[in-house]
Amino acid sequence: MSASAPDLPALAQSIKDWGRELGFAHVGITGVDLGVHEKHLERWLEAGYHGEMDYMGAHGSKRSHPDELVPGTLRVVSLRMDYLPGDTRMAQQLAQPEKAYISRYALGRDYHKLVRKRVQHLAERIQKDIGPFGFRAFVDSAPVLEKAIAEQAGLGWIGKNTLLLNRKAGSYFFLAELFVDMPLPVDPPQASEHCGRCSACLDICPTQAFVGPYVLDARRCISYLTIELKSAIPEDLRPLIGNRVFGCDDCQIVCPWNRFARPSGESDFKPRHNLDSAGLAELFLWDEQTFLDSTEGSPLRRAGYERWLRNLAVGLGNAPSTIQVLEALKARQEYPSELVREHVQWALGQHSSRGKPAPTGISAGL
């Protein structure tokens, strides 16, 4: 920091103004005490609800102590960036079982680089104003309790579906953090949560992954099963996944607060390669190079090609028994990956139990 101490209240307001100029819809500031949330995390880990996500408990107390993760941290600037594309077509896509449903946050470019670059620009703008200071930017890239931080910074409340909710924006947004070594004035958290008696998110979950309000068993969550899980998807859960091949938005779609969600102005978050309307069979027949080319700079890369095929095989097993669906599955029966082959065989077994394929196209009299 510069020799002359900055006017901290004025600087805090400037940080919020600069953040909005950089595309962040909401900026708040909080301290480093996350005690209540730390206890919740400990109970969640002890129950084993994190499944294969060992990284959730791999950093000791650093996740809930920002000043341990980055020594010298006194405050955390929490930032929100909305991502919802203008024409979401979520309900329509889910209602067409031959189509592939991809969580809306993953339809465009990977948010990590874009958002982190904006946070870095914010830090540089602060530095330009006050001189050198200690900071570190995070965007879902380190052991940070981002929802807890955002809640304490006044950006919203953690809802029954365990997502951060905002009364004016719903939940379709990314969160980012800027750790700083300045004692900026903090913002108050919201006085209370606003879920009330509503249980729509708990009731709609296809796999009933919520143990109760505010508690998610990730091992049953479709986002975990299609993105985080590296092994085979449990057979009893496969029919419940439907056509969701990367993530799940059901608990957001049904949330009443999301009627206030506004489309993002960021062009990078708009759907690419028609992924908001693609068919399961079409995507399943992509070769690996097509997958790599079509998912360059995309969150979909996180699953990798093998698990991408695994997920699509499950979707095809749940799809109508059309000739196109069956031919796509049969084309992968001898695929080198045992993981893929097993899911393909399961999918074909689903169709065998239903009988003959439904006619399509000319043969259906269309």
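**Exercise 1. Work out how helices α13 and α15 pack.**

Start with the residues: E306, R307, L309, R310, A313, V314, L316, G317 and N318 in α13 meet L339, V340, H343, V344, W346, A347, Q350 and H351 in α15, where contact means heavy atoms within 4.5 Å. Sorted by type, this contact has nine nonpolar, five polar and three charged residues. Here Ala, Val, Leu, Ile, Met, Phe, Trp, Tyr, Cys and Pro count as nonpolar, Asp, Glu, Lys and Arg as charged, and the others, Gly among them, as polar.

A note before going on: this is a predicted model, in which local features need pLDDT of at least 70 and side-chain atom pairs pLDDT 80 or more, while totals for chains, interfaces and linings use all residues. Residues are numbered from 1 along each chain as its sequence is written, and side-chain values use heavy atoms, leaving out hydrogens and water.

Next, the geometry. The axes of α13 (residues 304–318) and α15 (residues 338–352) come within 8 Å and cross at roughly 5 degrees. Axes are lines fitted to C-alpha atoms, for helices over the stretch in contact, with angles from 0 to 180 degrees between N-to-C directions. The two helices are therefore roughly parallel, a label for angles under 35 degrees. Helices are DSSP runs (H or I, at least four residues), and strands are E runs of at least two.

**Exercise 2. Describe how domain 1 and domain 2 meet.**

First, the bounds: domain 1 covers 8–56 + 63–89 + 106–270 and domain 2 covers 279–353, from an automatic or database domain assignment. Their C-alpha centres lie 30 Å apart.

Second, the interface: 22 residues of domain 1 touch 21 of domain 2. About 1,800 Å² is buried between them, 55% of it on carbon and sulfur atoms; buried area is the accessible area (1.4 Å probe) that two parts lose on being put together, summed over both. On the domain 1 side, R238, V245 and F246 lose the most area, together 33% of what that side buries.

Third, the charges: two salt bridges link the domains, each a side-chain nitrogen of Lys or Arg within 4 Å of a carboxyl oxygen of Asp or Glu.

Terms used
Angles under 35 degrees count as roughly parallel, over 145 as roughly antiparallel, 65 to 115 as roughly perpendicular and the rest as oblique.
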